[in-house]
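Colleague: Before I rely on the labels attached to this complex, I would like to hear the reasoning behind them, one label at a time. Could you take me through them?

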Amino acid sequence: MCAMRITGYADKFGVNPGKTIKFHVNCDGPKKYNCQIVKMIHGDTNPRGPGLIEENIDANCNGEYNGRPQTIYSGSYGYVEDNSHLQVESFTMQCWIWPTTPKTHPKYWRHGAQGLMTKWSNGKGYGLFINEEGCLELRINGTSITTGAPIRDHAWNFVAATFDAVTGEAKLYHEPQIQYALDPDIPPVTKIISDKIEHTAGVPFAVAAYAGGADSSPQAQASRPAGMVMAGHYNGKIDSPRLCRSALSREEIETMKLGAQPGLTERRHCGPTGPLSEAMVGTWDFSDGINTRRGTDHGPYLYHLDIINCPTRAMTGHNFSGHNFDWKHAEKEYGAIHFHDDDIDDARWDVDFEWNVPEGTSSKFYAAKLTTDEGDEDYVTFWVVPEVGKEQSKIAFMVPTISYMAYANEHLANNAGGAELLVYRVPIMQDQNMFLSEHREYGGSIYDTHTDGSGLCLSSRLRPILSIRPKYDHFLMQAPWQYPADLHLIYWLEEMGYEYDCIMDEDTNYDGLARLENYNVIITGSHPEHNSGPQLDALHNYTQQGGRLMYMGADAWYWIHSYHPAYEDLGRGVITEMRRCESGIRTWRADPGEYYHQGTGELGGMWRYRGRYLHSVAGTGMSSEGFDISSYYSRTYESNDPRISWAFDGIDYDEKIGNFGLVGGGAAGTELDIVDTMLGSPPHTLVGATSAGRHTEAYLLVMEDYGFSQQGIDGTQHPRVRSDIAFHETPNGGGCFAFSSIAFCGSLPWNNGKNNISTLVGNVLNRFMQDGPLPDAPKDAYIHRGRADYDPAMNKARK
Amino acid sequence: MISIPKKGTPERNRLIATHKECIESMKGVPGCTIMKCETPGDTTVVSGGFQDDPLLNKVLIRMRTAMPGNFGGKLVVICTKVDKEWRIGRLAGVRGVPPTFVNDKVYDNEQDPQHDIFLMRLDELDEEDGFPEHFNEGWKRRDDHWTVT
């Protein structure tokens, strides 16, 4: 069917002038491809707008390159390089498992046996598996033993296997943690195996996979260990794996569950008992080093596992008691890692070419446009970002890269049946969606569930992200979303002749206020929904110190994100983490006890539930969403207040504002924000225009704003289903202007920027970009205001 | 659960006619809802459609609730040439398996496939669903033809 034969990514989102950016390209088929660096101006091909606009840029990397395939080896696992201690003659393997897909559909992308603890490859070695029928299986070379009992999914099971090389006795145990009334017993299975274990040099010991085999192809260097392709990726949790070099009795296995014990004066061995310490090869404790890329071995040899492709950690273990949700305070109850066959932390592709970005290069949106003579095409998008202190403009566009990563390679139209209920029509898929639907190794978005159905809470930028592309319409609106939608705004800035810089979310996260304070105004993207704490701190510090913020969209400052500290050696903001906790718009919901981030250890979920209401950042916060069509705004009487009336110069009081646009056909649409002084909007916030009453039944109130499942929450009924265009002053001559709709920027390019949305935004930007503080508010505006008690006179007049 | 009106009934014909009228009016809108634009392609004033016809609304919701693998694969629109060509496909319902095209028909706009899918679903869906006589074990395991996230 459709296929994208060329895909790529860069080693960073943002590159400083004078520095180098590297590009990694998969060209699977065509012998040659061409690279042309382009400046991106407009990415929406809708014939009612200006169309695709890009400018060729002279670059030393432009030219023709040889194509070659590069592969993503997704699926998480841990491994220890081969060594003599792991080449056991007898053994005991044991662990707790909570499998999510013990049995898969025959057409499932990775149907087959799943490795739990293995040092096995191509019929040689030993390993504990879940076989194709979903039963526990022990393999010794080419011989296997199974209990024949299907393992219950989404439930804890204790599993163990022993092999005595002297007697040849192999024994397999499968003990479900919960025994329901009508569950048959699963007795241990014994078999005599006369073979000695055959060890293949170089085959690693693996947890949650097995070694598929050595591969000499260049692309297999991207696997880990390099050149060894892993197979049998397991879906589910594993807790407390242990490996011993003798066949333990059942009683000894029970004792070994205690694992390694720290040495003291009175306890001078590493095991639960002296004899067991002598049998111990490795005893891994996944509660140790939750924020690392290591599976810590507390055994005598310190055979720490290299954890590949960033599985989900800080997961509740088999012994979770429910008393403490923070893994930092109940570590021993968080000994589980949830592995997924579609986890991906880094594609690890070879570099194909690099661009030495000349000093003086303008800070803008760019892409490496990759094409072939056969019509293949991909755009590897990136930004040139000035170093702090070398700003090029008074205006900065804050590229919402965390939000781009959160939406990276989403599969909702393909996998989520509910997608249609959300958009009130049949979703439309594009080439990118079709490619991803069969290339699950490219990983999903934080909106998706993994291939095993569990929530996806980690997203890497070191992989091709096909949603950060021009010419890409998202199923949510049949229109651009995120990156291509933000290009609507970029087109307008260019068309109107503004000078602007581009700065990244990650820059604000790592540099704080320094990244912002040299600009007169910060402009956001259309949907900066996902944010780290340091970024919000920086924005607050900026606006409190006189900075100006233009919030160009809606549903922002919503979810708590953090960058995984274990990946900082690869650059800024490589992996972002988010947990979908007790409320908010959630395409999946975290399980009890799994609310805290594995990277930073902070509580995840909505900023609202950490005491940081979204409305506090720019004055408005999300109230509702709907994805069928958009509507328009009308001015309110407050728009005549001299504190805000300047923004409406050139717009008649009765004018329909934004009843046109490239996202839903209007400026007010998709996700909508409102002023709420009870939820963090400053009490002096003015609402200049609103779209109240004009939305369809497809627009529904956000669930965090009501406590019951109830009627009356749609756009034809609920007064909070609206978008408010709002302004408030901040101290020291600063201010925030919130346009409060994701569709808003889609109206800017209409009629080549000659429209009343353009007039409104231009008025605001022209005022906000000036040097020095904003004009002071009239003296009579300085009055005491409550939060709930905002208009006592009118309240008294009501009957 | 609401019944799907039988073939040839006035109710079914009404739903089809209303749906078609709405879809025609939505051509040119970067988005779509089953309502009628007063001016074609312009969402300034919209009315009618699912908001004024409770039966149409409920039939559409029944159609939209299906899981990706239900009824031989949930129907979906696939854009094959950006802003130029669209076709109808079916989701596989199995992760890692891409959608497949249902036929060779190529559309020159993104709204018409919505109506054809509506017609196909009227034929495909069981007239009745969701009552005790439709119980099966899947109801206990989120496989009840009602989507979940």
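Modeller: Let me begin with pairing, where two strands are said to pair if DSSP finds at least two bridges between them. The model is predicted, and in it E29 of chain A and strand E3 (residues 75–81) of chain B are joined by two bridges and run parallel. Two bridges satisfy the requirement of at least two, so these strands count as paired. Within this pairing, the residue opposite Met429(A) is Ile78(B) of E3(B).

Colleague: What makes up the contact between the two chains, and which elements of chain A supply at least two residues to it?

Modeller: Chain A brings 52 residues to the contact and chain B brings 39 residues. On the side of chain A that touches chain B, at least two residues each come from helix H4 (412–415), helix H5 (419–423), strand E29 (428–429), helix H6 (431–438) and strand E37 (621–631). The largest share, four residues, is that of E37(A). Sorted by class, this side of chain A consists of 22 nonpolar, 20 polar and 10 charged residues.

Colleague: What makes you say that both faces of strand E34 of chain A are covered?

Modeller: In strand E34 (residues 548–551) of chain A, Arg548(A) and Met550(A) lie on one side, Leu549(A) and Tyr551(A) lie on the other, and all of them are buried. The general background is that side chains in a regular strand alternate between the two faces of the sheet.

Colleague: How do you know that E34(A) is paired with E32 and with E43 of chain A?

Modeller: Strand E32 (residues 521–523) of chain A shares three bridges with E34(A) in the parallel sense, and strand E43 (residues 734–738) of chain A is joined to E34(A) by four bridges, again running parallel. Since at least two bridges are asked for, three bridges and four bridges both qualify as pairing. Val521(A) faces Arg548(A) of E34(A), while Tyr551(A) has Ala738(A) of E43(A) opposite.

Colleague: Why is Ala231(A) called buried?

Modeller: The label asks for 20 or more other C-beta atoms within 10 Å, and Ala231(A) has 20 C-beta neighbours inside 10 Å, so Ala231(A) counts as buried. Ala231(A) belongs to strand E18 (residues 228–231) of chain A. Once neighbours within four places in sequence are left aside, Ala231(A) is in contact with Ala209(A), Tyr210(A) and Gly212(A). Its C-alpha is also 8.0 Å from that of Gly115(A), although the two are 116 residues apart in sequence.

Colleague: Why is helix H7 of chain A described as largely enclosed?

Modeller: Of the 14 residues of H7(A), 11 are buried, and H7(A) is therefore described as largely enclosed by the rest of the structure. The buried residues include Tyr483(A), Leu487(A), Ile490(A) and Trp492(A).

Colleague: And how do you know that the span of H7(A) is close to what is expected?

Modeller: Helix H7 (residues 483–496) of chain A reaches 20 Å from its first C-alpha to its last, to be set against the 20 Å expected at 1.5 Å a residue. After H7(A) comes Gly497(A), with a positive phi near 80°.

Colleague: How do you know that the radius of gyration of each chain agrees with that of a compact globule?

Modeller: For the 799 residues of chain A, a compact globule would have a radius of gyration near 28 Å, and because chain A has 29 Å, the value agrees. For the 149 residues of chain B the corresponding figure is near 15 Å, and the 16 Å of chain B agrees with it. Along the principal axes, the C-alpha atoms of chain A fill a box of roughly 95 × 70 × 50 Å, and the C-alpha trace of chain B spans about 50 × 35 × 30 Å.

Colleague: What share of each chain counts as buried, and what secondary structure does each chain contain?

Modeller: In chain A, 58% of the 799 residues count as buried, and the chain has 13 helices and 43 strands. In chain B, 38% of the 149 residues count as buried, and its three helices and five strands follow the pattern α-β-β-α-β-β-β-α along the sequence.

Methods: Residues numbered from 1 in each chain as written. Chains lettered and ligands numbered in written order. Contact = placed C-beta atoms within 7 Å. Nonpolar A, V, L, I, M, F, W, Y, C, P; charged D, E, K, R; others polar. Buried ≥ 20, exposed ≤ 12 C-beta atoms within 10 Å, placed from the backbone. Rg over C-alpha atoms; globule rule 2.2 N^0.38 Å. Expected span 1.5 Å × (residues − 1).
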